[in-house]
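Please read the following walk through one protein chain with its sequence and coordinates at hand. The text goes from the overall fold to single residues.

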Amino acid sequence: MKEPCVYIMANAHRTIYTGVTSNLYQRVWQHKHHVADGFTKKHGCTRLVYIAEFGRMDDAIAWEKALKGKSREKKIALIEDRNPRWNDLAWNWYDDGD
């Protein structure tokens, strides 16, 4: 997926991380494989639970900033509106079992 998007990663305890990228496939792989130290590695956020696609990166960045400014409850409501079971939307993207 090479288009601007905002995404949310979560762990089994529903700790969430919000990010923006132009290459979701690669970025999710990095989160799943703990490539970089940071929040998602520390908290084990390896489940992709929300995706919002945009035509332009500046629109994606604006939505990410707006989303990060919302309460946790509003972010959870957004996830549950599109993905009520918190399924990993990238469960079958990779051949390495992730």
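What follows describes the chain as a whole, then two of its helices, then a few single residues.

The model is predicted. The protein chain holds 4 helices and 3 strands, and along the sequence these elements come in the pattern β-β-α-α-β-α-α. Taken along the principal axes, the box filled by the C-alpha atoms of the protein chain is roughly 35 × 30 × 25 Å. The radius of gyration of the protein chain is 13 Å, which agrees with the value near 13 Å that a compact globule of 98 residues would have.

Several totals add to this picture. Of the 98 residues, 38% count as buried. Among contacts between residues at least 6 apart in sequence, 63% join residues at least 24 apart. The protein chain exposes about 5,800 Å², and carbon and sulfur atoms supply 48% of that area. As for charge, there are 16 positive and 13 negative charges, and the mean positions of the two sets are 6 Å apart.

The helices come next, beginning with α1, which spans residues 24–32. Its buried residues include Leu 24, Val 28, His 31 and Lys 32. These residues lie on the same side of α1, because they cover an arc of only 95 degrees around the axis. What covers the buried residues of α1? The cover includes the strands β1, β2 and β3 as well as helix α2.

Helix α4 runs over residues 72–82, and in it Lys 75, Ile 76, Leu 78 and Ile 79 are buried. The arc they cover around the axis is only 155 degrees, so they too sit on the same side of their helix, α4. On the other side of α4, Glu 73, Lys 74 and Asp 81 are exposed. Against which elements do the buried residues of α4 pack? They pack against β1 (5–10), β2 (16–21), β3 (47–53) and α3 (57–68).

Helix α3 supplies a single residue to look at, Glu 64. Is Glu 64 buried or exposed? Its relative accessible area is 11%, and Glu 64 is therefore buried, since the cut-off for buried is under 20%. Leaving aside residues up to four places away in sequence, Glu 64 touches Val 6, Thr 18, Gly 19 and Val 20. Val 6 falls within the residue range 5–10 of β1, while Thr 18, Gly 19 and Val 20 fall within the range 16–21 of β2.

Thr 40 lies in helix α2, which covers residues 39–43. Thr 40 is buried, with a relative accessible area of 9%. When residues up to four places away in sequence are not counted, Thr 40 touches Tyr 17, His 31, His 34 and Cys 45. One of these, His 31, is also among the buried residues of α1. Thr 40 and Ala 60 are 20 residues apart along the chain, and their C-alpha atoms are separated by 20 Å.

Two residues deserve a look for their backbone angles. Most residues other than glycine have a negative phi. Arg 14 has a phi near 65 degrees, a positive value, and is not a glycine. Where is Arg 14 found? It is in the loop between β1 and β2. With 32% relative accessibility, Arg 14 counts as partly exposed.

The second such residue is His 34, whose phi is positive at about 50 degrees although His 34 is not a glycine. His 34 comes just after α1, in the loop between α1 and α2. Its relative accessible area is 31%, so His 34 is partly exposed. His 34 is also one of the residues that Thr 40 touches.

The last residue is Ala 90, found in the segment after α4. Ala 90 has a relative accessible area of 0% and is therefore buried. Along the chain Ala 90 and Leu 24 are 66 residues apart, yet their C-alpha atoms are separated by 9.8 Å. Leu 24 is itself among the buried residues of α1.

Terms used. Residues are numbered from 1 along each chain as its sequence is written. This is a predicted model: local features need pLDDT of at least 70, side-chain atom pairs count only at pLDDT 80 or more; totals for chains, interfaces and linings use all residues. Side-chain values use heavy atoms; hydrogens and water are left out. Buried means under 20% relative accessible area, exposed over 50%, partly exposed in between (1.4 Å probe, protein chains only). Helices (H or I, at least four residues) and strands (E, at least two) are DSSP runs, numbered from the N terminus. The arc is that of the directions from the helix axis to the C-beta atoms. Contact means heavy atoms within 4.5 Å. The radius of gyration is taken over C-alpha atoms; the globule rule is 2.2 Å times the number of residues to the power 0.38. Accessible areas come from the Shrake-Rupley method with a 1.4 Å probe; for residues, only the protein chains shown count as cover. Lys and Arg count as positive and Asp and Glu as negative; His and the chain ends are not counted. The place of a charge is taken as NZ of Lys, CZ of Arg, CG of Asp or CD of Glu.
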